[in-house]
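The paragraphs below walk through the model shown here, starting at the ligands and ending at a few local backbone features.

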Amino acid sequence: MNTSETHVLKFGGTSLQNPNYIKQSTQIVMDRTQQAHPFVVVSALEGVTDALIELTKDIGKKTDLIETGVDNLRQKHLTIFDKLTDGQHKKRNRLDKLFDELTQDLHKLSLDIENKRALKDRILSIGERASALIFASVLSSNGLPAESFEAHQFIKTDSTFGKAKVKQDTTRKLIREYLQQSKFVPVVTGFIGSDSQNRITTLGRSGSDYTAGLVADALNADHLEIWTDVNGVLSADPRWVPTAQSIKELSFGDITELSAHGAKVIHPQTIRPIQDKGTTVLVKNSYNPSHPGTSITSGFESNGALKTITVTGPFVKLQVDETHAFELFSKLTEWSEQETDSEAVGFKTSSEFEPARFILRQSFFEKVSNLLGQWASSRDVVLDLQSNLFKVKKFSNHFSDDESLSKRIWDLLVSNNLQPINAERNLDERFISFLFDRQDAQLAARLLNDYLQGDQKVIDLFVAGTGAVGHTLLKQLKSLEPEGITFRLIGACNSRNALWQEEGIALKNDIDWSDSEPTNWELLIDKLTAPHRNNLIFVDATGSEEVARLYPQLFENGTHIVTPSKLANTFEQAFFDDLQSLIKENNTSFRYETTAGAGLPVISTLNELQSAGDSITEISGVVSGTMTYLFNQLEQGVPFSEAIVDAREKGYAEPDPRDDLSGEDVARKFLTLARTLGYKIEREQIAVESLIPEALRDVDKDTFLDQLSNYDQTWEQRISAAQNKGQTLRYTGRFKDGKVNIGIEVLPKDSPIGQLKGTDNLIQIFSDLYNQTPLVIQGPGAGKEVTAAGVLADILKTARSLS
Ligand SMILES: NC(=O)C1=CN([C@@H]2O[C@H](COP(=O)(O)OP(=O)(O)OC[C@H]3O[C@@H](n4cnc5c(N)ncnc54)[C@H](OP(=O)(O)O)[C@@H]3O)[C@@H](O)[C@H]2O)C=CC1
Ligand SMILES: N[C@@H](CC=O)C(=O)O
């Protein structure tokens with residue numbers, strides 16, 4: 001063991017939630033011995049302190065539940081012990097005995113024969129005492145001799161049970177005496193101490209962090225490491241802000257301030273014992289030990305870059321009539337002096353002559369409501385009462401030197417229709433705080449967090465349709481790292497399953513549908529149009545009419561849409577017009593580049609020519625990849641029926657290949673192009689030559705595919721006839737003078753269109769500027785890869801246009 005450095009590693013309950021996590025945490029300690037002398041501090045196993053608190057509640061009325069409650073805890077600990085150790089009998093007996101002790105203490109508590117508060121602390125201490133025993137035994141069983149220490153032997157406190165104050169000098173001396181001499185790796189119980197009469201005390205919730213700080217101080221540790229279940233200190237609580245990011249570095253001042261203002265990172269006292277030392281504090285993720293986490297040092301100067309949001313609550317906003325305002329103010333002042341929670345009471349106005357407004361912690365409000373009840377017997381005193389409110393606080397060192405920062409924050413909230421119920425700005429303490437109801441608090445926290453990430457924009461995506469195009473798109477998205485943009489896939493669905501994960505679905509090759517629900521568009525639309533949505537791009541890769549008909553609802557809610565589906569633009573003209581108005585009114589965007597020519601830049605070229613003042617006079621050529629593929633296959637002797645099935649299997653043909661063969665797909669493309677240019681045309685006005693044999697026009701898809709081979713010979717003859725004359729068949733379309741014509745053309749094999757290969761499209765654009773020779777766009781016009789890439793390009797353009 002290299003003892004040149006001393007590292008104190010504290011493992012919280014989340015790092016000790018089951019045998020696998022305990023094993024992982026002990027492995028971290030074992031690996032550390034290569035580099036330093038480790039001292040371990042542990043919390044109780046996850047959920048155990050809560051279970052102990054629950055057992056103590058109303059104990060007098062439920063003594064019959066003591067045995068079962070204790071037995072559950074005993075079994076939980078012994079099972080883990082047996083699973084992870086090589087059966088160290090003495091330690092197992094000690095563990096077992098702890099639960100006998102617990103039973104006796106719970107009975108004593110029910111009989112009310114001893115100081116209740118002291119008894120409760122002793123009961124709560126069982127969690128840490130049991131976990132330290134297990135942790136040390138696991139280390140020893142794996143070849144690293146370790147010894148558990150009960151910290152009440154050396155952490156000396158006053159007798160404030162539940163939140164005892166530590167006597168730091170005595171504690172420091174005793175920790176050194178006990179731990180420095182240990183030949184083994186010490187595993188210390190967090191959270192507990194003892195008073196001058198050696199009665200066990202506790203240091204308050206999350207007090208194990210504080211224990212670790214005290215141990216680090218006494219041992220002059222080089223590192224104090226807090227091991228938890230997230231990648232260090234995050235920019236916000238991920239339950240409020242799923243995009244919260246890990247902060248690389250913080251100063252001691254930053255962390256103390258954040259902890260005091262509700263960031264549940266580490267116990268506010270943790271840093272105090274070591275703040276004048278050179279100890280580096282690291283907050284790390286025991287599930288992801290290679291992540292650097294957050295480093296907190298006394299020397300670090302955050303220089304205003306403290307990018308953090310906290311959300312605290314719930315609060316109550318109370319306004320009383322002026323006759324009672326002063327009395328309530330005095331009473332609250334008196335009560336708040338005894339409160340350790342700095343946010344229990346907030347005053348807004350407090351003059352004798354006007355209604356006063358108070359913002360109170362909801363739990364504290366109970367005290368106040370009794371008083372109001374007494375007053376209410378004489379008259380109505382409560383003028384306004386709002387509950388379930390939350391404070392969103394943004395921290396920055398820059399409020400004092402950058403006046404525009406708070407204005408920018410206000411503008412951000414206002415532009416998202418967020419009106420705080422109350423706002424406070426506190427220059428000295430470096431934060432600005434807004435009070436909202438729960439829903440607005442969530443949106444505000446997300447907006448502020450995303451804004452604070454500076455250039456990094458967070459864009460939510462929902463992908464409907466995970467077939468050929470949708471699935472390929474998700475694969476392409478996985479390997480994309482666009483500068484300044486983080487895409488968060490909040491949902492995806494196909495016709496069977498819908499998966500929704502507000503915090504973002506992990507982008508893997510295939511979506512894991514195990515937590516999905518059956519697809520239900522009514523429910524999905526409710527979620528997609530929830531009022532707090534911001535910067536959401538809905539991608540429709542379904543080709544489904546049901547989905548395309550939902551666009552108006554999405555646009556109305558400010559959602560942006562990207563789609564390769566030709567449907568929405570080709571329903572009745574009135575629907576198209578309606579979409580255009582909604583897009584304008586709601587300042588949203590609609591990108592559908594891949595609906596004509598797949599990945600080829602056809603629509604953007606038309607838009608650019610028009611916006612440059614050019615006037616388009618004709619669009620003609622081949623816009624069906626499947627048709628080019630089909631004719632080329634036929635020329636190589638592949639039967640008609642096989643070529644169609646093959647085109648679908650390769651992902652060129654539409655979900656229903658009859659849409660290609662009927663010419664419907666080409667009609668939709670020309671209709672889209674014409675409407676994009678501003679022409680008003682109904683689908684019925686377009687003449688289309690269908691390749692579907694008369695007899696198969698009204699049969700279902702399976703019968704159609706079954707009977708297609710009956711027509712193989714006819715097509716073989718038609719193709720050879722053309723080939724014999726040096727000609728070829730191509731399916732073309734022309735839009736000119738407001739009219740569209742679509743059908744088969746017989747062309748010389750060596751003409752530009754006759755030479756098309758694979759799934760090529762060739763689109764000629766004639767305009768005032770391109771009036772002699774057309775502007776020609778040529779390339780593959782079908783296929784999942786090129787189409788998905790085109791959809792991705794539209795997503796990126798949309799994302800870049802959003803603020
Ligand atoms: N393939 C190409 O080359 C090009 C395709 N496009 C267009 O892209 C779109 C998708 O084509 P492609 O990927 O080939 O088609 P697929 O048939 O391979 O995929 C369609 C997907 O949409 C899902 N779906 C269908 N209806 C619904 C519904 N009502 N609700 C939810 N999901 C639904 C299907 O679910 P399930 O998996 O359960 O069946 C499937 O996952 C079409 O509009 C097509 O015109 C555009 C340009 C080129
Ligand atoms: N089925 C279509 C796909 C692209 O829009 C085609 O073959 O062109």
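A helix here is a DSSP run of H or I with at least four residues, and helices are numbered from the N terminus. The model is predicted. With that definition, two helices can be named at the first ligand: helix 13 (468–478) and helix 15 (545–548) each contribute at least two residues to the shell around ligand 1.

That shell has 28 residues, and V469, S495, R496, E654 and G783 are the closest of them. By class, 10 of the shell residues are nonpolar, 13 are polar and five are charged. Where does ligand 1 lie with respect to domain 3 (457–588) and domain 4 (602–782)? Both domains give residues to the shell, so ligand 1 lies between them.

Several backbone atoms approach this ligand. An oxygen atom of ligand 1 lies 3.1 Å from a backbone N or O atom of G467. For G543, a polar backbone atom is 3.5 Å from an oxygen atom of the ligand. At G651 the partner on the ligand is a nitrogen atom, 2.8 Å from a backbone N or O atom of the residue. On its own, ligand 1 exposes 900 Å², of which the protein buries 86%.

The second ligand can be read in the same order. Around ligand 2 there are 13 residues, and K566, T626, E654, D660 and K669 come nearest. E654 is thus named among the nearest residues for ligand 2 and also among the closest for ligand 1. Helix 19 (625–635) and helix 22 (664–676) each supply at least two residues of the shell around ligand 2. This shell divides into four nonpolar, four polar and five charged residues.

Polar atoms of both side chains and backbone come up to ligand 2. The side chain of K566 places an N or O atom 2.8 Å from an oxygen atom of the ligand. An N or O atom in the side chain of D660 is 2.7 Å from a nitrogen atom of ligand 2. From the backbone, a polar atom of Y652 lies 2.8 Å from a nitrogen atom of the ligand. Taken alone, ligand 2 has 250 Å² of accessible area, and the protein covers 94% of that.

Y652 can be placed further. It sits in the loop between helix 20 (640–649) and helix 21 (658–661). Its relative accessibility is 22%; buried requires under 20% and exposed over 50%, so Y652 counts as partly exposed. The C-alpha atoms of Y652 and G625 are 6.7 Å apart, with their positions 27 residues apart in sequence.

Next come the aromatic rings. A pair of aromatic rings is described by the distance of the centres and the angle of the planes. The structure holds 21 aromatic pairs. In one of them, F590 and Y592, the ring centres are 5.0 Å apart and the planes meet at 50 degrees, so the pair is tilted. Stacked would need planes under 30 degrees apart, and edge-to-face over 60. F590 has a relative accessible area of 11% and is therefore buried; Y592, at 10% relative accessibility, is also buried. Elsewhere, ring pairs join F462, W500, W521 and F538 into a cluster.

Some backbone features remain. Which residues have a positive phi without being glycine? F191 has a positive phi of about 80 degrees, and A598 has one near 50 degrees. F191 lies in the loop between strand 4 (185–189) and strand 5 (192–194). A598 is in the loop between strand 23 (590–591) and helix 18 (602–611). F191 is buried because its relative accessible area is 5%, and A598 is buried with a value of 4%.

A cis peptide bond, with omega about 0 degrees, joins G313 and P314. P314 belongs to strand 11 (residues 308–320). Finally, R438 is found in helix 12 (residues 438–452). Its relative accessibility of 48% makes R438 partly exposed. The C-alpha atom of R438 is 6.0 Å from that of L389, although the two residues are 49 apart along the chain.

Conventions: Residues are numbered from 1 along each chain as its sequence is written. Chains are lettered from A and ligands numbered from 1 in the order in which they are written. This is a predicted model: local features need pLDDT of at least 70, side-chain atom pairs count only at pLDDT 80 or more; totals for chains, interfaces and linings use all residues. Side-chain values use heavy atoms; hydrogens and water are left out. A residue is near a molecule or strand if one of its heavy atoms lies within 4 Å of it. A polar contact is a pair of N or O atoms within 3.5 Å; within protein, one must be able to donate a hydrogen and the other to accept it, and residues adjacent in sequence count only if both atoms are side-chain atoms. Accessible areas come from the Shrake-Rupley method with a 1.4 Å probe; for residues, only the protein chains shown count as cover. Ala, Val, Leu, Ile, Met, Phe, Trp, Tyr, Cys and Pro count as nonpolar, Asp, Glu, Lys and Arg as charged, and the others, Gly among them, as polar. Domain bounds come from an automatic or database domain assignment. Rings of Phe, Tyr and Trp (its six-membered ring) pair if their centres lie within 6.5 Å; planes under 30 degrees apart count as stacked, over 60 as edge-to-face and the rest as tilted. Buried means under 20% relative accessible area, exposed over 50%, partly exposed in between (1.4 Å probe, protein chains only).
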